[in-house]
Amino acid sequence: MRVTDIQRCEIRPGRLVEWTLHRTAVEAALELPDDCRPPAYVQESHVRTARSVRRDGLFVPTWLGTAFDIPGEVDLDVLQVALRAWTLRHETLRSGFRWAGDEMRRFTLDAGAVVLHREDVGHFSDAETLTRYLQDRFDAAADALSWPNFIFAAVVRDDGTSVYMAFDHSNVDSYSIQRITAEIHELYAAALAGRAVDAAPAASYVDFCATERTDADRIDDTHAIVARWREFIARCDGKLPNFPVDLGLDPEGPLPTQKLLHEMLVDDADAAAFEAYCRPYGGSQVGLLAAVGLIVREIGGVQVYRTVVPFHTRAKSQWSDSVGWYVGGAPIEVPVARATDFDGALEMVRAALRENRLLARMPIARVLHLLGSDFRPTSPDLYSIMSFVDTRGMPGSERWQELKAYGLVRVSYGDQVCAWITRLHEGLQFAARHPDTDAAYKNMRLCVERLRELIVAVARRELVTCGPVTGAQAR
């Protein structure tokens, strides 16, 4: 599904209905004993960062969500049954954290205690007013520092209903979001027909957190993975890398607001041809990283492209249907100054990924703790990312365009560039949130234009050669 923000997901007027966890369930959670399963390192880092930024006086919403349509007249009672059944499948949604001093401790509500409360908010005749309301509501209800931290909503019209679901990032990743449309449609159709559906609980992300953390806690600062990160960070001047073009940042200034840049890069034909060309080197992800490396060399005079590449950590098939934040990062260094053509850059990226991909299995937060450096979080993003996901194998993906299905990111504050490139049935889509400065906008626009040109040139088998690095060409 296309990645965008709530302002650009085709919100239309209608009667708004909301579902949240019932107050009786919330009150029951207050009395729960601690769950011995600890938070994942990525969850703890996320929540601690949110708390640190909040203490500095800034509220930075970080929720993710989805939007999709259910055509025709919708029975809200049946939709509520489907939403509850889906919630029960995924244990992380009924699991939260509380503080004991400076320690984060988990609690988990029993499935039988999960009750959804429905509220009819009223009719909205203006799409812009409804959009503002939903964003504000999601900011409050899907907050990293509160629990529960998810909310479901529906905008009901005579010809169909649009469903919106928002979650704090600690509960979900992009794979989680992309599975929701098909699952809710299946559960709704089954409930409407009065038939049973196989809605047994998926493998628990809470269990995964415990296993991953146990494994991570077995390493110490002498481990080879820690040494590799230590070297990488040292070559990044003691920091985790941002996107290496001029972003117009003021090092002494406040955390800047962000802007969303999103558009289709190329259609299906060019995306398929680009993928075919890059396949001997590892596929589209390798090709896109190679292309971006060459582009930042051209724009910013970069000699070595350093970045952290996100990879999912669903190494075993048991986690494939599970909702959670299954993402790690691998540091790579690509000496793009030595590339004389696109094939050369492909070789470099392939080698870097082969060498370092498995590092993504070790949570970065654990590594940073072992490094002992001061990585006090002052920004909601530890580093810049460029994520690639091929969604064509996701259940129901062929209907996403018809159902107006979107993955939603919250664009608020941040000094990093977070980019998502998504392979859809229709082609390649690019979305990124970046600092809202003139320099960042100009350079990110230039990056996207050059990326499109390079993909098309490769797809159409035009020769892509690279001249020497001449220094920054855009400021």
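The following questions and answers cover the cores, one sheet and some backbone features of a predicted model.

In this predicted model, local features need pLDDT of at least 70 and side-chain atom pairs count only at pLDDT 80 or more, while totals for chains, interfaces and linings use all residues. Residues are numbered from 1 along each chain as its sequence is written, and side-chain values use heavy atoms, with hydrogens and water left out.

Visitor: Which helix gives the largest share of the largest nonpolar core?
Guide: A nonpolar core is a set of buried Ala, Val, Leu, Ile, Met, Phe, Trp, Tyr and Cys residues joined through side-chain atoms within 4.5 Å; buried means under 20% relative accessible area, exposed over 50%, and partly exposed in between (1.4 Å probe, protein chains only). The largest such core has 60 residues, and those with the most contacts inside it include Trp19, Trp86 and Trp229. Its largest share, 6 residues, comes from residues 76-89, helix H3. Helices (H or I, at least four residues) and strands (E, at least two) are DSSP runs, numbered from the N terminus.

Visitor: How many residues are in the other core that lies apart from it?
Guide: Among the members of this other core are Ile299, Leu346, Leu353 and Phe430. Its residue count is 56.

Visitor: Which strands stand at the edges of the open sheet of 4 strands?
Guide: Two strands pair if DSSP finds at least two bridges between them. The order is S9-S15-S14-S12, with mixed pairing. Each edge strand has a single partner, so one side is left without a neighbour in the sheet; the two are S9 (258-267) and S12 (385-390).

Visitor: In what sense do S12 and S14 pair?
Guide: Cysteine 418 in S14 is the bridge partner of isoleucine 385. S12 and S14 (residues 418-424) pair over 6 bridges, and the sense is parallel.

Visitor: At what angle to S9 does helix H12 run?
Guide: Axes are lines fitted to C-alpha atoms, for helices over the stretch in contact (heavy atoms within 4.5 Å); angles run from 0 to 180 degrees between N-to-C directions. Helix H8 (residues 268-278) lies across S9, S12, S14 and S15, at about 85° to S9. Helix H12 (residues 438-459) lies across S9, S14 and S15, and its angle to S9 is about 10°.

Visitor: Which residue does a cis peptide bond join to tryptophan 147?
Guide: Most peptide bonds are trans. Here omega is about 0°. The residue joined lies in the loop between helix H4 (127-141) and strand S7 (150-157); it is proline 148.

Visitor: Is aspartate 237 buried or exposed?
Guide: Aspartate 237 has a positive phi, near 60°, and sits in the loop between helix H7 (224-235) and S9. With a relative accessible area of 68%, aspartate 237 is exposed.
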